[in-house]
Amino acid sequence: MSAEIKDLSPKHVWGYFYDLTQIPRPTGHMEAVTRFMISFGKGLGLETLQDEVGNVLIRKPATPGMEGRKTVTLQSHLDMVPQKNSSVKHDFEKDPIDAYIDGDWVTARETTLGADNGMGAALAMAVLADNSLRHGPIEALFTIDEEQGMDGAFGLKPHFLQGDILLNCDSEKEGELFVGCAGGANVNVSFQFKEDTYIPEGDVAVKVSLSGLKGGHSGVDIHLGRANANKLIFRFLKEAVCDYGARLSSVAGGSLPNAIPREAFAVITIPGDNVESLWELVADYQDMFRTEYMGVEDQIDFVAEMVELPSTLIPEEIQDDLINAIEGCQNGVISMLHDFPGTVESSSNLAIVKTSDELIEVKILVRSSSESRRDSVCSSLESVFALAGAKVEESGHYNGWQPNINSPILNLMKSTYLDLFGKEPEVKVMHAGLECGIIQGAYPDMDMVSIGPDLEYPHSPDERVNIHSVQKIWEFITATLERI
C-alpha cells in the first residue's frame, strides 16, 4: 500500500511527501496545495506569507544562540508534471498519485510520481517542523507553476525574501552540487488553413499510432538520445505521402513542452488498393525504429488500424509544408559546454504537434546556458517554419543561472559533504531550467546551490526516487544548516 511510504526513513520527510502525493497539483492548479502549505506553516506557529502570484513563504526563527547566522532560504516548487500512460484512467486535477515502494525506489502506478519537486518540498517541510535541528534563521519558499512558465519565480518581488543563501532542492542527483543551469524560450508555430472536404473516391482511412517510448525530461534526459515521437511519426508520414498516396487528416503528438513526446497519432487516407502495402510499411518502420534505438528504447510500438473516413483533410500544400518543416526541425542536443564536459549547452525539444479545426500547432522548447546560443537556435527554427508559411512567435524567455565556482556556500557544502560521506561531491551545471536563474535576477546578491536526491525519469510515468539517497540528502541538508 502507498501509505507504507510514510514509514520510510527519515520518517517525517517521507510522511510529508506522501501527504503531497494525495493532493492533486498539476501545473496551473495550485489552490489546494497552497492552502495545504499555508495551513501547515500556521499549524507550526510560524510566520506564513503568500505573495500576489501565490508563492508561499514560511519563516522559522534561529535556534537560540544562532540568531546572528546568515538566513537560509530553502526553495522548491509545488507543481508537478501530469504525465500518464494511455492505458490508465487518471485525472490529475482530482485523483491522488498511487505511489508505492519498488525495491530501493518509490515510484507511481502508470503516472508521474511528483517527486519533482514534491521531495524538495517535503525536505523543507521536515526542516521547518523539526525543532531538534540546530540552525540560523530559515525561510522556506514554495513556488507555484514552475513546470510551465516558471510563473512563481517570475512573480517574486524584491524584499519578499530575506535569505542570504538559497538552497534549491530541485536537482536530481545525490552527490552532485549544481551551480548553474540553462535558460530557455518557447517557439510557438501555427498553420491556419481552410479544410479540404474533397476525399478521392475509393480512399480509406487509417490511424497510425506510435507509443511505448520512454519520453522523459527535455532538459536532464535530452542527452540520452531517446526517440521523439513527433520526429518519428513525421518521418513515416513523409514516405506515406510521397509513395503511397496518403493524405493527412489529423495528428496529435506530445502533451507538454518540457517532456520528450512519448506518443504520436495520425489519421490519414490512402487509396484502398494501397492498404496492404501500407501495413507492410508500418511494420517495416517499426522494425527500423526498434533497430535504430536498440539499447535506448525497448518498447517501441508502431501500429495501424482502419478507422471511419474523416470528413475533411488538411490541404495538400499545407500538409507537405508541415511534413517538410517537421523533418527539417532541429531536435535534441545542439551544442555542448566546454567548461563542464558532458554537459549540454543548448538543445531543442519538438514537444507538441497537434491539429484542430483549421489550425495546426507546433510547440518547441529551446534550452541553452548561453543567451546567444538560445537566440540562435530560436532563429534557426523560426526560419524553417517561416519558409513553410507558418506563423512563428517566441515566448517565455528566461535566462540561465551563471555559475560561481568561488561561492562561499558551495565551498562550505563541499567540505560538509566530504566530512559526512568521505568523498567530495561533484560540482556541475544542469541543462534543465531551475528557478535559481530567475530568482537571481530579483536577488542578485544571494549565494545559491542546488541539491536533491537521486531522481530518475522525471516528466514520465517511469519517474522514481531512490530511498537511500533521500536519507543522505536529509543528513547533508541538516549538517549544512548547522554549519552556516
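Here are some exercises with worked solutions on this predicted model.

**Exercise 1. Overall build**

Task: Work out how many helices and strands the protein chain has, and how its radius of gyration relates to the globule rule.

Solution:
- Step 1. Start with the secondary structure, which comes to 11 helices and 21 strands.
- Step 2. Set the radius of gyration, 24 Å, beside the 23 Å that the globule rule gives for 484 residues; the two values are close, so the chain is as compact as a globular protein of that length.
- Step 3. Look along the principal axes, where the C-alpha atoms fill a box of roughly 85 × 50 × 40 Å.
- Step 4. Turn to burial: 58% of the 484 residues are buried.
- Step 5. Finish with the contacts between residues at least 6 apart in sequence, 78% of which join residues at least 24 apart.

**Exercise 2. Two domains**

Task: Find which segments make up each domain and how many residues each gives to the contact.

Solution:
- Step 1. Read off the assignment: domain 1 covers 2-181 + 399-481, and domain 2 covers 183-396.
- Step 2. Take the centres over C-alpha atoms; those of domain 1 and domain 2 are 34 Å apart.
- Step 3. Count the residues in the contact, with 27 from domain 1 and 28 from domain 2.

**Exercise 3. The largest pocket**

Task: Describe the volume of the largest pocket and say which residues lie closest to its centre.

Solution:
- Step 1. Begin with the volume, about 620 Å³.
- Step 2. Go to the lining of 27 residues, in which K173, E176, F178, V220 and H223 are the closest to the centre.
- Step 3. Assign the lining to elements: β8 (176-181), β18 (426-430) and β20 (455-456) are those that give two or more residues. The largest share, 5 residues, belongs to β18.
- Step 4. Sort the lining by class, which gives 13 nonpolar, 5 polar and 9 charged residues.
- Step 5. Place the pocket with respect to the domains: domain 1 and domain 2 each contribute at least three residues to its lining.

**Exercise 4. The second largest pocket**

Task: Repeat the analysis for the second largest pocket, and examine M150, a residue in its lining.

Solution:
- Step 1. The volume here is about 310 Å³.
- Step 2. Of the 24 lining residues, E146, E147, M150, N258 and Y398 lie nearest the centre.
- Step 3. At least two lining residues come from each of β16 (359-368) and β17 (391-398), and by class the lining holds 9 nonpolar, 9 polar and 6 charged residues.
- Step 4. Domain 1 and domain 2 again each supply at least three residues of the lining.
- Step 5. Now focus on M150, which sits in the loop between β6 and α4. M150 is buried, with a relative accessible area of 4%, and has a positive phi of about 50 degrees although it is not a glycine.
- Step 6. D145 is also placed in the loop between β6 (138-143) and α4 (151-154). D145 has a positive phi of about 45 degrees. With a relative accessibility of 11%, D145 counts as buried, because the cut-off is under 20%.

**Exercise 5. The cavity and helix α3**

Task: Find how many cavities of 30 Å³ or more the structure holds, and which helix gives the largest share of the lining of the largest cavity.

Solution:
- Step 1. The search of the whole structure finds 1 such cavity.
- Step 2. The largest cavity holds about 50 Å³ of space.
- Step 3. Its lining includes A115, D116, N117 and M119. Helix α3 (residues 115-129) gives the largest share, 4 residues.
- Step 4. By class, the lining has 6 nonpolar, 2 polar and 3 charged residues.
- Step 5. Check the backbone here: a cis peptide bond joins D116 and N117, with omega about 10 degrees. N117 lies in helix α3.

**Exercise 6. Helix α1 and the segment before it**

Task: Decide whether helix α1 is mostly covered or uncovered, and name what covers its buried residues.

Solution:
- Step 1. In the segment before α1 we find P10, and the peptide bond from S9 to P10 is cis, with omega near 0 degrees.
- Step 2. In helix α1 (residues 11-21), 8 of the 11 residues are buried, and the helix is mostly covered.
- Step 3. Among the buried residues are W14, F17 and L20.
- Step 4. The cover includes α2 (31-43), β5 (105-108), α3, β21 (464-466) and α11 (467-483).

Methods: Residues are numbered from 1 along each chain as its sequence is written. This is a predicted model: local features need pLDDT of at least 70, side-chain atom pairs count only at pLDDT 80 or more; totals for chains, interfaces and linings use all residues. Side-chain values use heavy atoms; hydrogens and water are left out. On a 1 Å grid over the protein atoms alone, a cavity is a set of points where a 1.4 Å probe fits but cannot get out, and a pocket is an open set with protein on both sides within 12 Å along at least five of seven lines; lining residues have an atom within 4 Å of a point. Grid points are joined across faces, edges and corners, and a volume is the space filled by probe spheres set on the points. Ala, Val, Leu, Ile, Met, Phe, Trp, Tyr, Cys and Pro count as nonpolar, Asp, Glu, Lys and Arg as charged, and the others, Gly among them, as polar. Domain bounds come from an automatic or database domain assignment. The radius of gyration is taken over C-alpha atoms; the globule rule is 2.2 Å times the number of residues to the power 0.38. Buried means under 20% relative accessible area, exposed over 50%, partly exposed in between (1.4 Å probe, protein chains only). Contact means heavy atoms within 4.5 Å.
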